[in-house]
Amino acid sequence: MPLPFYQVDAFAATPFTGNPAAVCLLQGDRDADWMQGVAAEMNLSETAFLAPQDDEATYRLRWFTPTDEVALCGHATLASAHALWTHEQASSEAPLHFETASGRLTTRHDDGWIWMDVPTDPVAPTDPPAPLLDALGGTTPKEVGWSGRDYLVRLPDADAVRTLQPVFSSLSALEEARGTIVTAPAPADDVDFVSRFFAPRVGVPEDPVTGSAHCALGPYWAARTGHTTLTGRQVSARGGTVRVRLDAPDAGRVTLGGQAVTVVEGRLNA
């Protein structure tokens, strides 16, 4: 039986910006090999699979890159909530709950923005491994941290982030890491920090806008600015804006906000 699917640009106010994700609405359980095959066919940085649970506002959610299942994906969670609300699968008047490999994630709709309650990834200072320094192509980091999931590299300024041309073969050699975040303070008054995210080891050379990276970026920049409400700009070619709130910094949770737009609606015949 054909399954509804949507391609959604997440962390985007207009089409063809932000980060595209595919969202597939399941009618029952499907095995991981099938999901991985669909994700490879979609060939986007993430494909989300939603299976309804007994509570009509709760869904089982899994995320796949073209090559791997991942434990957390912010932009595909945002895309999933957008698809359910926009295409009348759920009421936007009530929160949505997603049961995931990273625990229960809750999303809320507020005046055109989607807000996600997700776990933080606190960053601890670390000595950079040789492949990471090689990957920076001679750019000297001001600080390097490890979140337990990704490396976070602070570069001298926003221009260094925008112009970085990483050595992907060196990034792929970082077997312990899902990916690498590079970041710096933003020069604009309406943005607090800029970033980019690279994850070639899991099939995503550069991710356009990475919600899960902001689980580390939010606490990192809050500690350095003293602000618990921040705005990040991911300066990939497509670009996107992520709002960050740390309402209870010691609770291990962060709220990420973004917009989304559907660009493709169809049926999956597989």
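In this predicted model, helix H1 starts with a neat cap: Asp 31 sits at its N-terminal end, with a side-chain oxygen 3.1 Å from the backbone nitrogen of Asp 33. The helix itself covers residues 32–42, and its buried residues are Trp 34, Met 35, Gln 36, Val 38 and Ala 39. What do these buried residues pack against? Their partners are strands: E1 (3–10), E2, E3 (46–52), E4 (58–64), E5 (69–70) and E18 (260–268). At the other end, H1 is followed by Asn 43, and the phi of Asn 43 is positive, near 55 degrees. Trp 34 turns up again in a ring cluster, where ring pairs link it with Phe 49 and Phe 64.

Strand E2, one of the partners of H1, spans residues 19–25 and includes Asn 19. Is Asn 19 buried or exposed? Its relative accessibility is 0%, so Asn 19 counts as buried. The side chain of Asn 19 still has a polar partner, making a polar contact of 2.9 Å with the side chain of Asp 207. Beyond its neighbours within four places in sequence, Asn 19 is in contact with Val 8, Asp 9, Ala 10, Ser 45, His 75, Asp 207, Pro 208 and Val 209.

Next come the aromatic rings. How many aromatic pairs does the structure hold? There are eight. One of them joins Phe 168 and Phe 198 in an edge-to-face arrangement, with 6.1 Å from centre to centre and 65 degrees between the planes. Phe 168 belongs to helix H5 (residues 168–172) and Phe 198 to strand E13 (residues 193–199), so this pair ties together parts that lie 30 residues apart in sequence. As for accessibility, Phe 168 comes out at 34% and therefore counts as partly exposed, while Phe 198, at 1%, counts as buried.

Phe 193 and Trp 221 make another aromatic pair, and this one is stacked: the centres are 6.1 Å apart, with 10 degrees between the planes. Here the pair ties strand E13 to helix H6, because Phe 193 lies in E13 and Trp 221 in H6; these parts are 28 residues apart in sequence. Phe 193 has a relative accessibility of 0%, so it counts as buried. Trp 221, at 3%, counts as buried too, since the cut-off is under 20%.

That brings the story to H6 itself. This helix takes in residues 214–225, twelve in total, and reaches 15 Å from its first C-alpha to its last, close to the 16 Å expected at 1.5 Å a residue. Why can H6 be called largely enclosed by the rest of the structure? Nine of its twelve residues are buried, so the description fits. The buried residues of H6 are His 214, Cys 215, Ala 216, Leu 217, Gly 218, Pro 219, Tyr 220, Trp 221 and Ala 222. Tyr 220 also has a charged partner: the charged end of Arg 224 sits over its ring, 3.7 Å from the centre. Just after H6 comes Gly 226, with a positive phi of about 80 degrees.

A charge over a ring appears elsewhere in the model as well: the charged end of Arg 245 sits over the ring of Trp 115, at 4.1 Å from its centre.

Conventions: Residues numbered from 1 in each chain as written. Predicted model: local features only at pLDDT ≥ 70, side-chain atom pairs only at ≥ 80, totals over all residues. Heavy atoms only, no water. Helix = DSSP H or I, 4+ residues; strand = E, 2+ residues; numbered from the N terminus. Expected span 1.5 Å × (residues − 1). Buried < 20%, exposed > 50% of the residue type's maximum accessible area, 1.4 Å probe, protein only. Polar contact = N/O pair within 3.5 Å; in protein donor to acceptor, adjacent residues only side chain to side chain. Contact = heavy atoms within 4.5 Å. Phe/Tyr/Trp six-rings, centres within 6.5 Å; stacked < 30°, edge-to-face > 60°. Lys NZ or Arg CZ within 6 Å of the ring centre and 35° of its normal.
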